[in-house]
Amino acid sequence: MENINLKELFKQEFSKMVAVISNIYGLAHIEVAEDVVSDTFLLAAETWESKGVPDNPTAWLYAVAKQKTLYHFRRNKIFDERVAPHVKHNAEKTTDEPDFSPKHIKDSQLQMLFAICNPAIASEAQIGLALRILCGFGIDEIAEAFMSNKETINKRLFRAKEKLRTETVVMELPPKNEISVRLDNVLHIIYLLFNEGYYSKTESNILRKDFCIEALRLGLMLMDNEITNEPKTNALIALMCFHASRFDARQDNENAHILYEAQNPDLWDNDMIQRGIYYLNASLQGDEVTSYHIEAQIAYHHCLNDNTPNKWQSILQLYNQLLLINYSPAVALNRTYALYRADGKEAALVEAEKLNLQNNHFYHILLGELYTGIDNAKARTNFETAYSLAKTTAEKTGISLKISKL
Amino acid sequence: MKEFALLFRHVEDFDTLPEDEKPAVEKKWQDWIGGIAAQGKLIGEAGVRLASGGKVLKPAGVVTDGPFVEIRECLGGLIVVKADTLEEAVTLAHGCPAMDRGGSVEVRPIFV
């Protein structure tokens, strides 16, 4: 038996099975659902090793999980005493048998997505919970991504689950009139999840890519259901596609980060870009302009392989718009960089000096970049400040390189 | 941080500009406001832009066709910014495209 297969199967099925089981017994018992699924996989590993992998591994997993679930809840009489009184009002849920039909799996996963992306839980914990429950990542993988340890992550997840209980979060889709607002929160978590993968400081390239793929998958899940398939959902998916298209171009063989300017456009994934364009077009229906819309359009321009001032003018205007609805130091810095590419270093320097983001090393990198060739002494001072503020070795190496080129 | 209104007074109306000059003027405004937003000093999602035309109501129910005849520079729009002092707010107003055509920017503290 190949271990790789089981690992992939786990990723693929864990979230589905936990969602379905939790759907019957409630989120208060989410840990039991996790345990049942983990036990099922443990048994699979043992059984398949000696007897071979069954013809339909997924069906095998579902059948075993079903048995284990029933056994656990019946033996502990949890269902009769604690769960049944709460679920009886819901005609669909009067059975205590997990239903692993494709439709029910989809519905349960969507409900789980809304349950976890609940405003009651702190967003850092939400991402952790989303990675664990919705994407099936291991605690060690989550810890690695957050540059943290297993204990901290476990505590964080525990508190988040506690919150699900105390806030009596239920697995259901929000009522129609609340969908749009609740969807904002779900989209935001997916966006953070994607960024966690895209900008994560972890050195594991595979893990980072997995995060992005999972975020994209959750986005497509929302698109798959007509009530959550809003223009802003498509905008976020487009944004993720455009970013993901450059994944292979961003990293060299030694895992070092390659800046946009130095990337080989031949390595951009054209198929992904085309998909992004499709979703971008779909996002343009309706009147709502979200930051995802603007960011997707910026990302689209970055996928065009021409470096004309025109392209940068368009990007500059988009950043101007983005700042109006969503200010952040990072957007302000990107806007100033676009201004440099559109109107030249002098114009950008005037604006950059006004930003005053003294403790931000990216700010000093940008200033250093702009002063290079105009006032190399000032460029050096800024790069040196950036060097002392930078946190990772990769960043420090990059800055040293810039200093040496002055 | 206090709040200040920057009121743009124009000699010329944007609406009366030749069509081919409009995009360039539009871009100047967006870049200028973007520059303030980049400093994190803009309040609200955008300013208020006043269209030309309109009416003026005066006592005794007298309605006239706008204030434009009485003051040389007419109010074209406004944004609200945050700044520590009036001087800082005036600094933010520098480079405002309203002044390109002989207009002005009026900087007024807002009561909180």
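**Note on a predicted two-chain model**

1. A compact globule of 406 residues would be expected to have a radius of gyration near 22 Å, and chain A, with 24 Å, agrees with that expectation. The model is a predicted one, and every value in this note should be read with that in mind. Taken along the principal axes, the C-alpha atoms of chain A fill a box of roughly 75 × 50 × 40 Å.

2. As to its secondary structure, chain A comes to 19 helices and zero strands. Of the contacts in chain A with a separation of 6 or more, 66% are accounted for by residues 24 or more positions apart, and buried residues make up 49% of the 406 residues of this chain.

3. The surface and the charges of chain A may be taken together. Its accessible surface comes to about 19800 Å², and 51% of that area belongs to carbon and sulfur atoms. Chain A carries 43 positive and 53 negative charges, and the mean positions of these two sets are 3 Å apart.

4. One residue of chain A that a new reader may wish to locate is Asn382(A), which is found in helix H18, residues 376-389. Asn382(A) counts as buried because its relative accessibility is 10%, and the limit for a buried residue is under 20%. When residues up to four places away in sequence are not counted, Asn382(A) touches His364(A), Leu367(A), Gly368(A) and Tyr371(A).

5. The cysteines deserve a separate point. In general, a disulfide is a covalent bond between the sulfur atoms of two cysteines. With a cut-off of 2.5 Å between the sulfur atoms, the count over all chains comes to zero disulfides. Cys117(A) is in no disulfide, and the nearest cysteine sulfur, which belongs to Cys135(A), is 9.7 Å away. Cys212(A) is likewise in no disulfide, and here the nearest cysteine sulfur, again that of Cys135(A), is 11 Å away. With a relative accessible area of 0%, Cys117(A) is buried, and Cys212(A) is also buried, with a relative accessible area of 3%.

6. Turning to chain B, the secondary structure comes to two helices and six strands, and along the sequence these elements follow the pattern β-α-β-β-β-β-α-β. The C-alpha trace of chain B spans about 45 × 40 × 25 Å along its principal axes.

7. In chain B, 37% of the 112 residues count as buried. Among the contacts of chain B between residues at least 6 apart in sequence, 76% join residues at least 24 apart. The accessible surface of chain B comes to about 6800 Å², with 60% of it belonging to carbon and sulfur atoms. The 13 positive and 18 negative charges of chain B have mean positions that are 3 Å apart.

8. Where in chain B does Met99(B) lie? This residue is placed in the loop between helix H2 (86-93) and strand E6 (104-109). Its relative accessible area is 39%, and Met99(B) is therefore partly exposed, since that class covers values between the 20% limit for buried and the 50% limit for exposed residues. Leaving aside neighbours within four places in sequence, Met99(B) is in contact with Ala93(B), Ser104(B) and Val105(B). The C-alpha atom of Met99(B) is separated by 14 Å from that of Leu78(B), a residue 21 residues apart from it along the chain.

Key. Residues are numbered from 1 along each chain as its sequence is written. Chains are lettered from A and ligands numbered from 1 in the order in which they are written. This is a predicted model: local features need pLDDT of at least 70, side-chain atom pairs count only at pLDDT 80 or more; totals for chains, interfaces and linings use all residues. Side-chain values use heavy atoms; hydrogens and water are left out. Helices (H or I, at least four residues) and strands (E, at least two) are DSSP runs, numbered from the N terminus. The radius of gyration is taken over C-alpha atoms; the globule rule is 2.2 Å times the number of residues to the power 0.38. Buried means under 20% relative accessible area, exposed over 50%, partly exposed in between (1.4 Å probe, protein chains only). Contact means heavy atoms within 4.5 Å. Accessible areas come from the Shrake-Rupley method with a 1.4 Å probe; for residues, only the protein chains shown count as cover. Lys and Arg count as positive and Asp and Glu as negative; His and the chain ends are not counted. The place of a charge is taken as NZ of Lys, CZ of Arg, CG of Asp or CD of Glu.
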